[in-house]
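Welcome to a short reading lesson, held as a conversation between a learner and a teacher. Please have a look at the structure first, and then we will go through it together.

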Amino acid sequence: MNAPTVFSVLVVEDHADLAANIADYLEGHGHLVDVALDGVTGLHLAVTQPHDVIVLDLMLPGIDGLTLCRRLRDDARSATPVLMLTARTTLADKVAGFAEGADDYLVKPFELRELELRLAALVRRARGGEQLNRLQVADLVFDLGTRAVQRAGRSLSLPMLPLRILELLMKRSPNVVWRREIEQCVWGDSPPDSDSLRVHMHTLRAAVDPPDLPPLLHTVRGVGYQLKAPDVPPA
């Protein structure tokens with residue numbers, strides 16, 4: 001039988017009783033827990049203290065959860081897995097969380113055992129990768145720390161917005177990513193006309209899929225885009 005996954009976790013939750021219940025439960029199961037009751041403190045602890053995983057409430061004083069997650073990914077270049085907590089249940093809310101870099105989503109109220117299981121799964125997934133800050137699909141490699149991208153050993157130069165799209169597609173690979181999720185990731189709630197995304201995807205495809213290599217980036221008509229290894233069946 002496999003040994004249980006033990007991890008360090010930062011809980012950013014402004015409801016003091018809920019934060020205490022989460023901390024007590026996880027500490028009682030051998031995990032190390034830090035708690036922040038507002039977004040500013042949470043961001044400070046997230047960038048100054050090492051954690052295996054972060055539990056992040058969506059509605060926070062100071063800095064809300066979506067902004068905090070985005071700043072972790074874009075400014076701090078952190079690849080620490082994030083599980084977002086929220087009372088919101090709509091698809092749009094979930095899309096917004098994933099677009100800002102969340103790795104999982106749990107709707108309140110929830111069972112503490114389920115929270116622990118989801119956190120352990122995120123930690124195992126992160127530890128199972130070659131590096132915590134490295135994405136790879138076939139021979140395409142994205143170093144999240146340096147923002148360097150290589151295909152078949154060749155360095156690729158990409159503008160900021162196609163780079164953000166590439167990160168999202170690689171994190172979701174081999175799943176198809178809807179157009180609206182990509183637009184939410186790049187432009188938030190104010191997407192431009194549809195031609196703008198098409199232009200950025202053309203830039204991304206030109207860099208990622210040179211003529212002498214098998215294509216990795218695919219258009220799924222009427223839905224969105226898929227980044228996958230050549231041996232993965234099409235959507």
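**Strands, helices and the space between them**

Q: Let's start small: which residue in β12 is the bridge partner of Val-177?
A: It is Tyr-225. Keep in mind that this is a predicted model. Val-177 and Tyr-225 are one pair in the antiparallel match of β10 with strand β12, residues 224–227, which runs over three bridges.

Q: In what order do the three strands of that open sheet come?
A: The order is β10-β12-β11, with antiparallel pairing. β10 (176–178) and β11 (217–220) are the edge strands, each pairing on one side only. On average, neighbouring strands here are turned by 30° against each other, direction ignored.

Q: Which helix lies across β10, β11 and β12?
A: That is helix α6, residues 160–172, which runs at about 65° to β12. Helix α7, residues 179–187, also packs on this sheet, where it touches β10 and β12 and makes about 65° with the direction of β10.

Q: What is the strand order in the open sheet of four strands?
A: Read it as β6-β7-β8-β9, again with antiparallel pairing. Its edge strands are β6 and β9 (154–156), and each of them pairs on one side only. From one strand to the next, the twist averages 25°. Four bridges link β7 to strand β8, residues 148–151, in the antiparallel sense, and Asp-143 stands opposite Ala-148 in β8. Helix α6 turns up here too: it packs on this sheet, touching β6, β7 and β8, and its direction makes about 115° with that of β7.

Q: How do I read a nonpolar core, and which residues of the largest one touch the most other members?
A: Look for the residues with the most contacts inside the set. The largest core has 27 residues, and Leu-140, Leu-166, Leu-169, Ile-182, Leu-204 and Leu-227 touch the most other members. Two or more residues come from each of β6 (134–137), β7 (140–143), α6, α7, α8 (194–208) and β12. Helix α6 gives the largest share, six residues.

Q: What does Leu-227 touch, not counting residues up to four places away in sequence?
A: Its contacts are Val-137, Leu-140, Leu-166, Leu-169, Met-170, Ser-173, Pro-174, Leu-216 and Leu-217. Apart from the largest core lies another one, of 19 residues, among them Val-11, Leu-18, Leu-85 and Phe-110.

Q: Now the strands that pair in parallel. How is the side-chain pattern of a strand read, and which residues of β3 lie on each side?
A: In a regular strand, side chains alternate between the two faces of the sheet. In β3, Val-53, Val-55 and Asp-57 are on one side and Ile-54 and Leu-56 on the other, and all are buried, so both faces are covered. With five of its five residues buried, strand β3 (residues 53–57) is largely enclosed by the rest of the structure.

Q: Which strands pair with β3 in the parallel sense?
A: Strand β1, residues 8–12, does so over four bridges, with Leu-56 as the partner of Val-12. Four bridges also join β3 to β4, and these two run parallel. There, Leu-56 stands opposite Met-84.

Q: Is Met-84 buried or exposed?
A: Buried, with a relative accessible area of 0%. Met-84 lies in strand β4, residues 82–86. Leaving aside neighbours within four places in sequence, its contacts include Leu-56, Leu-58, Leu-66, Cys-69 and Tyr-105.

Q: What about a charged name such as Glu-116: buried or exposed?
A: Glu-116 is buried as well, at a relative accessible area of 7%. This residue lies in helix α5, residues 112–128, and touches Phe-7, Tyr-25, Leu-26, His-29 and His-31, not counting residues up to four places away in sequence.

Q: Last topic: how is empty space found, and how many cavities of 30 Å³ or more are there?
A: Rolling a probe the size of a water molecule over the atoms shows where empty space is left. A search of the whole structure finds one cavity of that kind, with a volume of about 150 Å³.

Q: Which residues lie nearest its centre?
A: Of the 15 lining residues, these are Ala-99, Gly-101, Glu-167, Lys-171 and Cys-185. At least two lining residues come from each of α3 (65–74), α4 (91–99) and α6, and α6 supplies the largest share, five residues.

Notes. Residues numbered from 1 in each chain as written. Predicted model: local features only at pLDDT ≥ 70, side-chain atom pairs only at ≥ 80, totals over all residues. Heavy atoms only, no water. Pairing = 2+ DSSP bridges. Axes fitted to C-alpha atoms, helices over the stretch in contact; angles between N-to-C directions. Contact = heavy atoms within 4.5 Å. Buried < 20%, exposed > 50% of the residue type's maximum accessible area, 1.4 Å probe, protein only. Core = buried A, V, L, I, M, F, W, Y, C linked by side-chain atoms within 4.5 Å. 1 Å grid on protein atoms, 1.4 Å probe; cavity = no way out; pocket = protein on both sides within 12 Å on 5 of 7 lines; lining within 4 Å. Points joined across faces, edges and corners; volume = space filled by probe spheres on them.
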